[in-house]
Every structure is written in C-alpha cells, then in structure tokens.
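Visitor: Please pick one part of this model and look at it closely. Tell me what it touches, and then what lies around it.

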Amino acid sequence: MDKKFNFQELQAIVATLRGENGCPWDKSQTHESLKLYTLEEAYEVNQAVTDLTKTGDCANLKEELGDLLFQVLLQSQVAEDNGEFAIEDVIDGIARKMIHRHPHVFAGRHYDSVEQQQADWEDICLAASETVHNAVTHG
C-alpha cells in the first residue's frame with residue numbers, strides 16, 4: 001500500500017474500529033481496560049529510543065510511537081463515545097499547556113540561563129498543579 005494516511009484518517013479508523021460494525025475487542029475496551037496497554041506501549045517507546053541510540057535505526061521507534069499514538073486515540077475515542085471529551089479537547093489542552101509553560105517562546109519572556117528558565121518552568125508547573133488541587137478539593 002503506497003498511500004500515506006494522515007491524522008484525521010487514523011482517527012476515522014479508530015472510530016470505525018469502535019463503531020457499530022467494528023471490532024468486538026476494540027468496542028469492548030474501557031479507560032480501565034486500556035491502562036496496561038498504554039503503559040506497555042510507553043515502555044516499548046522507551047526501549048526503542050535506547051535501541052535507536054545503540055543502532056541508529058529509527059524504524060522500531062517509528063512503529064512504537066505509532067502504537068502509543070493509537071493508545072491515545074483509542075482512549076480519546078472511548079471518552080468521546082462516553083460523552084466525556086474528544087481528541088480535539090486533548091489537543092487543545094496540550095497546546096495550551098505547552099504555550100503556558102514556554103513563555104520564553106510564546107510570550108517574550110527572557111531568561112539569562114537555562115537554569116533560570118528551568119526554575120521558572122518548575123514554578124509554572126507547581127502553580128498549575130496547585131490550581132488543579134484547589135479546584136478538586138474546594139471546587
């Protein structure tokens with residue numbers, strides 16, 4: 001097959017797998033049932049990076065990143081099927097987080113050193129986690 005699939009086509013494949021005439025296994029998956037697969041794929045990406053460093057061959061890393069991406073899409077499709085959120089919400093959330101965590105790139109903040117930037121990044125992350133904690137405990 002010479003065709004290269006894009007993100008939207010992969011998303012449609014995942015939706016089809018969980019759709020009315022889809023795969024019984026995919027249709028039966030839940031957030032909970034997918035946890036182990038997601039963790040396994042993350043470990044396989046980690047091993048593929050180690051292998052790439054040793055061999056210079058990136059084919060396995062490409063495959064394992066695809067498997068991990070599939071887990072993200074499948075979890076997102078489960079969420080969409082449950083009326084919780086969609087992949088677009090995941091994308092929006094991570095884009096906003098990266099913009100917020102990189103004010104030196106997106107907001108004109110200047111750092112005199114990598115250490116200063118790292119310290120600010122840690123402060124930004126800590127403030128965000130405290131905001132989430134307060135929303136959960138006082139919300």
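Guide: Start with Gln71, which is buried, with a relative accessible area of 5%. The cut-off for buried is under 20%, so 5% qualifies. Keep in mind that this is a predicted model.

Where does Gln71 sit? Its place is in helix α4. That helix is the part we will look at.

Begin with its length. Helix α4 covers residues 59-81, which makes 23 residues. At 1.5 Å a residue, the helix should span 33 Å. Its end C-alpha atoms are 33 Å apart, so expectation and model agree. Just what follows the helix is also worth a look. Gly83 comes after α4, and its phi is positive, near 75 degrees.

Now look at what α4 hides. Its buried residues are Leu61, Glu64, Gln71, Leu73, Leu74, Gln75, Ser76, Gln77, Val78 and Ala79. Some of these names lie three or four places apart, and a general rule helps in reading such a list. An α-helix has 3.6 residues a turn, so residues three or four places apart point the same way.

What do the buried residues pack against? Their partners are α1 (7-17), α2 (24-28), α3 (31-55) and α5 (87-101). Let us walk along α4 and meet some of these neighbours.

Leu61 is found in helix α4. Its relative accessibility is 15%, so Leu61 counts as buried. Leave out residues up to four places away in sequence, and Leu61 touches Val45, Ala48, Val49 and Leu52. Glu9 is another matter. Leu61 and Glu9 are 52 residues apart along the chain, and their C-alpha atoms are separated by 21 Å.

Move along to Gln71 again. With residues up to four places away set aside, Gln71 touches Leu34, Tyr37, Thr38 and Glu41. Then comes Gln75, also in helix α4. Gln75 has 17% relative accessibility and therefore counts as buried. Its contacts, beyond neighbours within four places in sequence, are His31, Leu34, Lys35 and Thr38.

Next is Leu74. Neighbours within four places in sequence aside, Leu74 is in contact with Val14, Arg18, Trp25, Asp26 and Leu34. Two of the residues just named, Val14 and Leu34, join Leu74 in the largest nonpolar core. The full set is Val14, Leu34, Leu73, Leu74, Val78 and Ile87, six residues in all. Helix α4 gives the most to this core, with three residues. The general picture is familiar. In soluble globular proteins, nonpolar side chains tend to be buried together.

Leu73 leads us to helix α1, where Phe7 lies. Phe7 is partly exposed, with a relative accessible area of 31%. Phe7 is in contact with Leu69, Leu73, Ile87 and Ile91, once neighbours within four places in sequence are left aside. Phe7 and Leu73 are 66 residues apart in sequence, yet their C-alpha atoms are 9.9 Å apart in space.

Now turn to one partner of α4, helix α3. It has 25 residues and should span 36 Å at 1.5 Å a residue. Its end C-alpha atoms are 35 Å apart, which agrees. In α3, the buried residues are Leu34, Glu41, Val45 and Ala48. They pack against α2 and α4. Gly56 comes just after α3 and takes a positive phi of about 80 degrees.

Helices α2 and α3 share one more feature. A search of the whole structure finds one aromatic pair. It joins Trp25 and Tyr37, edge-to-face, at 5.5 Å centre to centre and with 80 degrees between the planes. Trp25 lies in helix α2 and Tyr37 in helix α3, so the pair ties together parts that are twelve residues apart in sequence. How open are the two residues? Trp25 is partly exposed, at 37% relative accessibility. Tyr37 is partly exposed too, with a relative accessible area of 33%.

Recall that both rings have met α4 already. Leu74 is in contact with Trp25, and Gln71 touches Tyr37.

One last check concerns the cysteines. How many disulfides does the structure hold? It holds zero. Cys23 is partly exposed, with a relative accessible area of 26%. Cys58 is partly exposed at 48% relative accessibility.

Technical notes
Residues numbered from 1 in each chain as written. Predicted model: local features only at pLDDT ≥ 70, side-chain atom pairs only at ≥ 80, totals over all residues. Heavy atoms only, no water. Disulfide = S-S within 2.5 Å. Buried < 20%, exposed > 50% of the residue type's maximum accessible area, 1.4 Å probe, protein only. Helix = DSSP H or I, 4+ residues; strand = E, 2+ residues; numbered from the N terminus. Expected span 1.5 Å × (residues − 1). Contact = heavy atoms within 4.5 Å. Phe/Tyr/Trp six-rings, centres within 6.5 Å; stacked < 30°, edge-to-face > 60°. Core = buried A, V, L, I, M, F, W, Y, C linked by side-chain atoms within 4.5 Å.
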